[in-house]
Number of protein chains: 2
Amino acid sequence: MDLTAATRSLSSAVSAAARLLTARSGLLLRAGRDGLTIGGNDSERAVRLTCDAVSHADGEVVVPAGPLAETLRMLDDDMVRLVVEGSRLAVRVEGGRFALPLLSRELRLPDMPPRVSEVDGSALATALRTVAGTAAKDDALPMFTGVRVQSFSRELRLTASDRYRMAVATLPLRAEGEPVDALVPAGLLAETAKQARGVVGLHGDGTRFGLSWAGVAVTTAVLDAGFLSEKLIESSTVDTTVEVAADALAAAVRRVGVYADERRVLTLEVGDSQLRLASSKQDTGEAEETLKAEVSGGRTSPSFQARYLLDALQGFAGDRVRLDIQPGMRACVIRAVEPGDVELTYYVMPMLPR
Amino acid sequence: MDLTAATRSLSSAVSAAARLLTARSGLLLRAGRDGLTIGGNDSERAVRLTCDAVSHADGEVVVPAGPLAETLRMLDDDMVRLVVEGSRLAVRVEGGRFALPLLSRELRLPDMPPRVSEVDGSALATALRTVAGTAAKDDALPMFTGVRVQSFSRELRLTASDRYRMAVATLPLRAEGEPVDALVPAGLLAETAKQARGVVGLHGDGTRFGLSWAGVAVTTAVLDAGFLSEKLIESSTVDTTVEVAADALAAAVRRVGVYADERRVLTLEVGDSQLRLASSKQDTGEAEETLKAEVSGGRTSPSFQARYLLDALQGFAGDRVRLDIQPGMRACVIRAVEPGDVELTYYVMPMLPR
């Protein structure tokens, strides 16, 4: 194998591939008439990216992903040559040679399941930033580490929960196709939210799920772990509704949260035309802040973990939100008053007040 | 106590005071005719800052530093009121009240030792960024955690070492005065490098050392732990001299360092008109990079820890440096070819080659 490529685009492609796989994997590089294909797999995922390159001698190698990505990121030269020299892949620039060992590992490129539909990449990224962030990073029950991806005739629905909150986002599908219903590892979708652009294809066949966009294709085994559903959450007993600007509420939660107790809990006291946030902690003192709000219904005043409220409100940045509050230990439901293409519903479980 | 102040300048002053003291201390606030004085002390240091404020009722309180600094930093309002209400200091803005407990702790403001001289704040900051960073963060011998501050008739000299390298900086004094020779905790000087501006006064009386600038005064007990000196380092056997651009060398060290062994050691191979960096590591492969350099004398080719070289070169960013290399396990001496007001000499101990 022997090729020349633009350093920046090669560096981006290698870093993107390494991030879509889990850490410490090798990467497969394949030079051919179509340029360079970069890819590989770990236990659950497989990924493939293409990158413009001029191949002087076609071929295929597997090298350690980390040092290759790090070296390319730090190069100042515009162009870089990758060339096999004996048992090494040499990364060559003027005055520099960085030689990676060739690994004997067998890696595979993704074998994509059928494309069932497609969505707008930026809408998908917006939805995933909130939804994938709501799944648990680590949980004995795999259900809480995944995002349920459901496609209907005109709509994609994404659902995740870590037991304490649940996020549900819907966005329009760009094409009708076979329905999909898969529980997909949240970590992969969080990385997808950072990389996806343009039109994103959805692929699925029951046991595998895939995504594809601008030169990138990735598949993963789906989690076989039951399905999250909004129906698990009681929301028929709403008795108090508050409308307020999401950013102003988040800023107040941050400030009042400094004075929250060890559990980081603060109370939303619902008043006439206002929402009063209050917290107190033995050593630190107490804080209260009052925001103008449109209030209707009762005056149910729940308490929440500050960071759960902040996570929820981040998904509504720039929007006015409606909080539908239920009495007792039932979830508060947060929605944008005027939702855009991505419709987000966020459920936050209250905490016992102090 | 009852006063009104501009939120931003009050926030800066409170944060600056908290950072100059070690963590978790209370802060003394004193409102009077001259505005607000903020200060306090920990076991070794005392600090005082002044801040413009309109006092409606003079008085003095001690409150927890952390939550006060955090609250002020997050406020959006231009003006803020601090007012004692019972056993609380209330931080008040429209719609918000943040109430900190009054602490019964006795705090003292610095009693400055005599001012012996003064230096330019930005030159001092430049010198301290490198020198204070060279001291050990933590060491059984306090000598290695301090910066030796020596004033001569026209020059201030700053020296620090962590055993593996030593930095010595000299800068001009703006006024002649009593000589100072003190070992000062490096942590305080590192923070000073971030904050000091304008003209900085030097204060000392043998057991205490102090600094003052634009509304800020800080004193510390000096370390009683022997004195660092360049004379401890052999530098009479230089046989190889290399001149090279500091930034180009640092960039190459970063790239080649990716392939360094577990000890992070790389070799500088001195050749004719060039410097060749080389490293290798079993699993990662090997790297080499060649830089143009002016070489004179022999061809002694030492090995160094990559991060020590990077720390050293950071102090010469933008400059061309001369490396004076000695054979055997003797220090390499790094200096700017054309030093400015701040003259820096950096000694790095070599490592055994792989």
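Let me begin with how domain 1 and domain 2 of chain A sit relative to each other: their C-alpha centres lie 29 Å apart. The contact between them takes 10 residues from domain 1 of chain A and 12 residues from domain 2 of chain A. Please keep in mind throughout that this is a predicted model. The full division of chain A is domain 1 at 2–101, domain 2 at 115–231, and domain 3 at 233–348.

Some overall values for chain A. The chain has 354 residues, and 55% of them count as buried. Along its principal axes, the C-alpha trace of chain A spans about 75 × 50 × 35 Å. In secondary structure, chain A has six helices and 26 strands. If you take the contacts in chain A with a separation of 6 or more, 66% of them come from residues 24 or more positions apart.

Next, the two chains. Two copies of a chain are related by a rotation about an axis and a shift along it. Here, a turn of 180° with a shift of 0.0 Å along the axis lays chain A on chain B, and the RMSD is 0.0 Å. That is the relation of a two-fold axis. What share of the interface residues of chain A are also interface residues in chain B? The value is 100%, so the copies meet through the same surface.

Now the helices. Two packed helices are described by the angle between their axes and the distance between the axes. In chain A, take helix 1, residues 7–20, and helix 4, residues 186–195: their axes come within 10 Å and cross at roughly 160°. Angles over 145 degrees count as roughly antiparallel, and helix 1 and helix 4 of chain A are therefore roughly antiparallel to each other. From helix 1 of chain A, the contact uses A16(A), R19(A) and L20(A), and from helix 4 of chain A it uses L188(A), E191(A) and Q195(A). By type, the residues of this contact are three nonpolar, one polar and two charged.

For the burial of helix 4, I will switch to chain B. How many of the 10 residues of helix 4 of chain B are buried? Seven are, so helix 4 of chain B is largely enclosed by the rest of the structure. The buried residues are A186(B), L188(B), L189(B), E191(B), T192(B), A193(B) and Q195(B).

I will finish with some single residues, starting in chain A. T159(A) is part of strand 12, which covers residues 155–161 of chain A. Is T159(A) buried or exposed? Its relative accessible area is 2%, and buried means under 20%, so T159(A) is buried. Leaving aside residues up to four places away in sequence, T159(A) touches V131(A), G146(A), V147(A), R148(A), Q150(A), M166(A), A167(A), V168(A) and L228(A).

After strand 12 comes R163(A), in the loop between strand 12 and strand 13 of chain A. R163(A) is partly exposed, with a relative accessible area of 41%. The phi angle of R163(A) is near 85°, which is a positive value in a residue other than glycine.

In chain B, S273(B) also has a positive phi in a residue other than glycine, near 55°. Where is S273(B) found? It is in the loop between strand 19 (265–271) and strand 20 (274–281) of chain B.

S273(B) is one of the residues that A293(B) touches. A293(B) is in a loop too, the one between strand 21 (285–292) and strand 22 (294–297) of chain B. With a relative accessibility of 8%, A293(B) counts as buried. Besides S273(B), and not counting residues up to four places away in sequence, A293(B) touches V242(B), E243(B), V244(B), Q274(B) and L275(B). Of these, V242(B) is 51 residues from A293(B) in sequence, while the two C-alpha atoms are 6.4 Å apart in space.

The last residue is G35(B), which lies in strand 3, residues 35–41, of chain B. G35(B) counts as buried, at 7% relative accessibility. G35(B) and L3(B) are 32 residues apart in sequence, and 8.6 Å apart in space from C-alpha to C-alpha. Which residues does G35(B) touch, not counting those up to four places away in sequence? They are R30(B), C51(B) and A53(B).

Note on methods
Residues numbered from 1 in each chain as written. Chains lettered and ligands numbered in written order. Predicted model: local features only at pLDDT ≥ 70, side-chain atom pairs only at ≥ 80, totals over all residues. Heavy atoms only, no water. Helix = DSSP H or I, 4+ residues; strand = E, 2+ residues; numbered from the N terminus. Buried < 20%, exposed > 50% of the residue type's maximum accessible area, 1.4 Å probe, protein only. Contact = heavy atoms within 4.5 Å. Axes fitted to C-alpha atoms, helices over the stretch in contact; angles between N-to-C directions. Parallel < 35°, antiparallel > 145°, perpendicular 65-115°, else oblique. Nonpolar A, V, L, I, M, F, W, Y, C, P; charged D, E, K, R; others polar. Least-squares fit on C-alpha atoms with pLDDT ≥ 70 in both. Domains from an automatic or database assignment.
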